Amino acid sequence: MKLAARVTQVTPSMTLAIDTKAKAMKREGIDVISFSVGEPDFDTPAHIRAAAEAALEQGKTRYGAAAGEPRLREVIAQKLQRDNQLCYGAENILVTNGGKHSLFNLMLALIEPGDEVIIPAPYWVSYPEMVKLAGGTPVIVSTTLENGYKITPDQLRQAVTPRTKLFVFNSPSNPTGMVYTPDEVRAIADVVVEQDLLVVSDEIYEKLLYDGAEHLSIGAVSPEAFERTIVSSGFAKTYAMTGWRVGFLAGPLPLIKATITIQGHSTSNVCTFAQYGAIAAYEAPQDCVQQMLDAFTERRQVILNSINAMPGLSCPKPDGAFYVFPNIGQLGISSLEFCDKLLDDYQVAAVPGIAFGADDCIRLSYATDVDSIRRGMDRLTTYVKSII
Ligand SMILES: *Cc1c(COP(=O)(O)O)cnc(C)c1O
């Protein structure tokens with residue numbers, strides 16, 4: 001069978017592949033410790049589950065509006081005004097099957113063959129592949145350890161060409177955990193306005209911040225930046241709702257209308273009763289978020305202490321999300337080889353940095369219990385010492 005060119009250019013998600021292998025080893029009874037998955041290990045908070053159950057009982061089981069339940073669109077718009085100082089109305093919101101689907105809808109609505117999309121590396125695995133699926137060209141800009149893996153205003157300016165259509169901005173970042181400071185966001189916003197770019201701001205980790213780090217939405221910097229911003233986010237990471245598949249896109253009306261049309265012909269509405277869980281997530285007090293954040297804070301300290309004590313690794317301190325992204329460059333071994341051996345010989349799953357456009361790094365997710373983190377870091381230490 002001859003498959004479409006668009007799909008043969010795309011590589012399967014490496015994070016999902018590692019996770020599949022680790023899970024298969026576990027099924028064989030092998031004691032695998034996994035740092036590979038990018039999802040909270042907590043159950044979805046009880047009040048959110050209860051809201052979805054109640055919706056099921058009330059018959060919220062039918063097709064809904066392709067754009068999302070009206071109440072959820074309102075609640076999301078209110079949240080963006082309250083938390084992010086972004087002035088959207090409910091009509092500016094598209095409810096999607098997760099943040100991943102938001103970005104995919106956006107790429108389909110915006111990107112034409114030949115269009116360039118600027119993506120700072122290390123990047124989230126799916127950005128370049130989505131751009132390619134939409135027929136566009138990813139323009140990867142490599143950032144450095146010295147700059148905390150953040151793109152500089154000059155780097156962004158230099159990457160712009162007459163074909164540039166979009167810039168992908170992700171803070172807090174997956175995979176690095178880096179958070180752009182408000183001043184850094186303002187400096188990036190200045191370039192976006194000066195170069196008249198569109199920016200999609202992936203803010204899915206905005207609530208997972210440590211050590212007093214602050215999140216500033218790039219669209220809140222100025223009215224000129226707001227006009228050029230599209231926000232992508234979702235409920236998965238903040239509320240431990242990865243399997244629910246609820247996210248959203250917020251942006252200018254013509255764009256949102258276009259994405260509603262796309263969604264109307266592809267997925268129709270997001271699971272109706274799941275959207276009622278999402279409404280509860282935003283309407284209820286946010287104690288559950290703080291509780292999960294407290295747990296992440298402790299785990300982050302444990303994993304960072306271990307990594308900083310390991311010879312040959314260097315790791316900038318991440319201020320957000322639930323990942324560390326140590327550099328293994330000094331070990332003289334590719335990230336893929338490093339992670340393969342780590343899994344096969346030490347039963348520890350990590351994701352090779354090459355999946356994120358950084359072959360001298362690995363990604364470890366600390367969305368797992370402290371005991372597993374300690375045991376896993378002991379194994380990693382033994383492995384690293386064996387290489388050095
Ligand atoms: C997890 C993640 C998403 C989207 O997740 P969904 O489960 O689809 O909501 C988007 N961007 C980044 C950077 C992520 O890590």
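**Second largest cavity**

I sorted the lining of the second largest cavity by residue class and got three nonpolar, three polar and four charged residues. The model I am reading is predicted. Then I listed the residues behind that split: Lys79, Glu203, Ile204, Glu206, Lys207, Ser233, Gly234, Thr238, Tyr239 and Tyr282 line this second largest cavity. I noted a volume of about 40 Å³ for the second largest cavity.

**Largest cavity**

I looked up how many cavities of 30 Å³ or more the structure holds, and found two. For the largest cavity I wrote down a space of about 140 Å³. I counted 15 residues in its lining, with Pro120, Pro122, Asn170, Ser173 and Tyr180 closest to the centre of the largest cavity.

What is the class make-up of the lining of the largest cavity? I recorded eleven nonpolar residues, four polar ones and no charged residues there.

I also checked which elements contribute. Strands β3 (116–121) and β5 (164–170) each supply at least two residues of the lining of the largest cavity. I noted that β5 gives the most, with three residues.

**Cis peptide bonds**

Pro122 had come up among the residues closest to the centre of the largest cavity, and I went on to its backbone. The peptide bond from Ala121 to Pro122 is cis, and I read its omega as near 0°. I placed Pro122 in the loop between β3 and α6.

I logged another cis bond, from Ser171 to Pro172, with omega near -10°. Pro172 lies in the loop between β5 and α8 (182–194).

**Alanine 240**

Is phi of Ala240 positive or negative? I found a positive value, near 50°, and noted that the residue is one other than glycine. I located Ala240 in the loop between β7 (229–234) and β8 (247–250).

**Largest pocket**

I turned to the largest pocket and entered a volume of about 590 Å³. Its lining has 29 residues, and I listed Leu16, Gly38, Lys100, Trp124 and Lys237 as those nearest the centre of the pocket. By class I divided the lining of the largest pocket into ten nonpolar, eleven polar and eight charged residues.

Which helix supplies the largest share of this lining? I found that α2 does, with four residues. I listed α2 (14–27), α5 (99–110) and α6 (126–133) as elements that each supply at least two residues of the lining of the largest pocket.

**Ligand**

I looked for where the ligand sits, and the answer is the largest pocket. I counted 13 residues around the ligand, of which Gly99, Asp202, Tyr205, Lys237 and Arg245 come nearest. I classed the shell around the ligand as five nonpolar, four polar and four charged residues.

I then went through polar contacts. At Asp202, a polar side-chain atom lies 2.6 Å from a nitrogen atom of the ligand. At Lys100, the partner is a backbone N or O atom, which I found 2.9 Å from an oxygen atom of the ligand. At Lys237, I noted an N or O atom in the side chain 3.0 Å from an oxygen atom of the ligand. I also looked up how much of the ligand is covered: taken alone the ligand exposes 380 Å², and the protein buries 93% of that.

I cross-checked two of these residues against the pocket entry. Lys100 and Lys237 are both among the residues nearest the centre of the largest pocket. Lys237 is also one of the residues that come nearest the ligand.

Methods. Residues numbered from 1 in each chain as written. Predicted model: local features only at pLDDT ≥ 70, side-chain atom pairs only at ≥ 80, totals over all residues. Heavy atoms only, no water. Near = heavy atom within 4 Å. Polar contact = N/O pair within 3.5 Å; in protein donor to acceptor, adjacent residues only side chain to side chain. Areas by Shrake-Rupley, 256 points an atom, 1.4 Å probe, with all protein chains shown as cover. 1 Å grid on protein atoms, 1.4 Å probe; cavity = no way out; pocket = protein on both sides within 12 Å on 5 of 7 lines; lining within 4 Å. Sits in = over half its atoms within 2 Å of the grid points. Nonpolar A, V, L, I, M, F, W, Y, C, P; charged D, E, K, R; others polar. Points joined across faces, edges and corners; volume = space filled by probe spheres on them.
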